[in-house]
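Student: Please take a close look at the side-chain contacts in this model, and place them in the fold around them.

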Amino acid sequence: MLLLAAAPARAAPPRDTAPVTLDGAASSVIAEGRPGKPRPLLIELRLNRSAPWRVALLADPVRLVVDLLAPGSGAGDAEVIPGAAEIVPGLRWGPAGPGRMRVVVPLPAPMAVTAATMTDAAPGKTARLAVRLAPVAADLFQPQGHGSALPQLWDLPQPAAVAPPSVRRPGPLRVTLDPGHGGRDPGAVSGNITEAAMMLQVAREVQAALQQRGVEVTLTRPDDRFMPLERRMTAARGAGADAFISLHADALPAGAAAGAAVFTWTREADDRAARELAARHDRDDLLGGMDLAGQDDEVTGVLMDIAQTDTLPRSQNLAQFVLSELALGRIAIRKRPVKGAAFSVLKSPDIPSVLIETGFLSDSADRANLTDPVWRAELSGAIARAVVAWAEDDKLRDPLLRR
Ligand SMILES: [Zn+2]
């Protein structure tokens with residue numbers, strides 16, 4: 001316990017509703033190399049706080065667009081950012097609709113994003129969003145989508161260097177449960193049962209089972225409401241969650257294997273069912289009212305892979321604990337039950353995340369189980385035991401605590 005208390009606490013993530021302001025004087029635009037021909041650029045934006053973000057390149061005219069998922073406060077242009085007036089005179093920023101802030105940077109030549117990162121604000125400091133760009137031949141320029149289409153996914157800020165995410169805070173274990181779907185997205189439907197309502201029920205039962213074991217639990221949605229995927233991850237970060245568990249009971253094509261399965265995130269889904277499920281979930285989000293569509297940005301995807309290298313083994317370990325307890329609880333499990341899937345909801349860079357398919361509403365045996373309170377009590381007990389056992393194991397593996 002002394003060891004735990006000695007570990008630095010992670011700063012509480014900022015609230016989503018606080019406005020983001022850009023500090024122009026502290027920001028900068030730098031062109032590397034000699035003037036005369038297109039040069040690599042480093043654009044460094046200083047913000048009062050971090051927020052989910054994304055970058056995109058658009059054509060006609062060639063420009064970089066940086067979006068922040070937070071209300072923007074104040075506006076400005078290249079005149080107030082050192083270096084910007086000479087290199088990217090058309091730069092400007094300001095609020096872009098409710099809950100959004102946008103920075104637009106018309107570029108002097110076709111370019112590619114070679115790196116993009118956001119770092120959380122350390123206490124008393126600003127958050128930093130850095131984008132590196134390199135000139136490319138006009139025929140190699142790759143705008144994302146057409147017109148105003150932007151990547152659908154938001155990236156989450158990297159925690160500030162002073163507060164490494166792998167350090168366990170003192171205090172009780174915190175878990176965020178994510179009942180899948182909700183609101184205008186019912187998920188799978190079978191008769192009068194919707195996946196959204198069933199998973200809210202399961203989440204409340206798992207919550208009670210975890211609370212009995214001293215775990216603090218938050219839900220990504222408290223009732224039957226629509227929640228975009230990235231909001232679910234942001235909610236987990238906002239709650240300071242040690243683990244994120246998404247709960248589903250989807251429909252699969254006839255003949256597909258039934259029973260429970262546990263998924264962790266990978267860039268490439270490793271089987272057809274996982275791919276179909278991932279496509280379904282991401283499409284649900286699109287259909288559910290996201291106003292922007294497009295491909296996940298290649299560069300930010302790579303960065304996400306890097307961030308995941310620490311977290312993914314912890315997620316996979318959590319998945320194994322869940323499966324073991326499900327088996328002990330006599331919950332039917334599919335063949336090859338731990339899978340990788342490209343579910344956006346599992347892409348938190350620093351929170352171990354799993355998605356549990358508790359069963360499939362399209363399968364009559366699974367449906368009978370899910371509507372049986374006794375079976376569900378086995379399920380929620382098994383998940384709660386698994387999370388607590390995993391947390392103990394994870395603590396022992398924490399390199400900082402092992403010293
Ligand atoms: Zn689902």
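How many aromatic pairs does the structure hold?

Tutor: The model is predicted, and it holds zero aromatic pairs. No two rings of Phe, Tyr or Trp are therefore counted with their centres within 6.5 Å. An aromatic ring does take part in another kind of contact: Arg184 lies over the face of Phe226, at 4.3 Å from the ring centre. This counts as a charge over a ring because the distance is within the 6 Å limit and the direction is within 35 degrees of the ring normal.

Charged side chains also meet one another, and the count of salt bridges comes to eleven. One of them joins Glu32 and Arg132, with N to O at 3.1 Å. Glu32 sits in the loop between strands E1 (28-31) and E2 (41-47), while Arg132 belongs to strand E9 (residues 127-135), so the partners are distant parts of the chain, 100 residues apart. Neither end is buried or fully exposed: Glu32 is partly exposed at 32% relative accessible area, and Arg132 is partly exposed at 37%.

The salt bridge between Arg102 and Asp67 has an N to O distance of 2.7 Å. Here strand E7 (residues 101-106) supplies Arg102 and strand E4 (residues 63-68) supplies Asp67, 35 residues apart. The two ends fall into separate exposure classes: Arg102 is partly exposed at 26%, whereas Asp67 is buried, because its 3% is under the 20% limit.

A further salt bridge pairs helices: Arg314 and Asp394 have their closest N and O atoms 2.7 Å apart. Arg314 lies in helix H6 (residues 298-328) and Asp394 in helix H8 (residues 373-397), so this contact ties together parts 80 residues apart in sequence. Asp394 is buried, with a relative accessible area of 4%. Elsewhere, salt bridges that share partners join Glu44, Arg46 and Arg128 into one network.

Strand E9, which holds Arg132, is part of an open sheet of four strands in the order E1-E2-E9-E8, with antiparallel pairing. E1 and strand E8 (111-119) are the edge strands, each with a single partner, so one side of each has no neighbour in the sheet. From one strand to the next, the twist averages 10°. The antiparallel pairing of E8 with E9 runs over eight bridges, and the bridge partner of Met111 in E9 is Pro135.

The backbone has a few points to check as well. Most residues other than glycine have a negative phi, and most peptide bonds are trans. Asp60 departs from the first pattern, with a positive phi of about 55° although it is not a glycine. The bond from Asp60 to Pro61 departs from the second, being cis with omega of about -5°. Pro61 is in the loop between strand E3 (53-58) and E4, and Asp60 is found in the loop between E3 and E4 too. Asp60 counts as exposed, because its relative accessibility of 74% is over 50%.

His181 also has a positive phi, near 65°, and is a residue other than glycine. His181 lies in the loop between strand E10 (174-179) and strand E11 (189-190). Unlike Asp60, which is exposed, His181 is buried, with a relative accessible area of 4%.

How values were computed: Residues are numbered from 1 along each chain as its sequence is written. This is a predicted model: local features need pLDDT of at least 70, side-chain atom pairs count only at pLDDT 80 or more; totals for chains, interfaces and linings use all residues. Side-chain values use heavy atoms; hydrogens and water are left out. A salt bridge is a side-chain nitrogen of Lys or Arg within 4 Å of a carboxyl oxygen of Asp or Glu. Helices (H or I, at least four residues) and strands (E, at least two) are DSSP runs, numbered from the N terminus. Buried means under 20% relative accessible area, exposed over 50%, partly exposed in between (1.4 Å probe, protein chains only). Two strands pair if DSSP finds at least two bridges between them. Axes are lines fitted to C-alpha atoms, for helices over the stretch in contact, and angles run from 0 to 180 degrees between N-to-C directions. Rings of Phe, Tyr and Trp (its six-membered ring) pair if their centres lie within 6.5 Å; planes under 30 degrees apart count as stacked, over 60 as edge-to-face and the rest as tilted.
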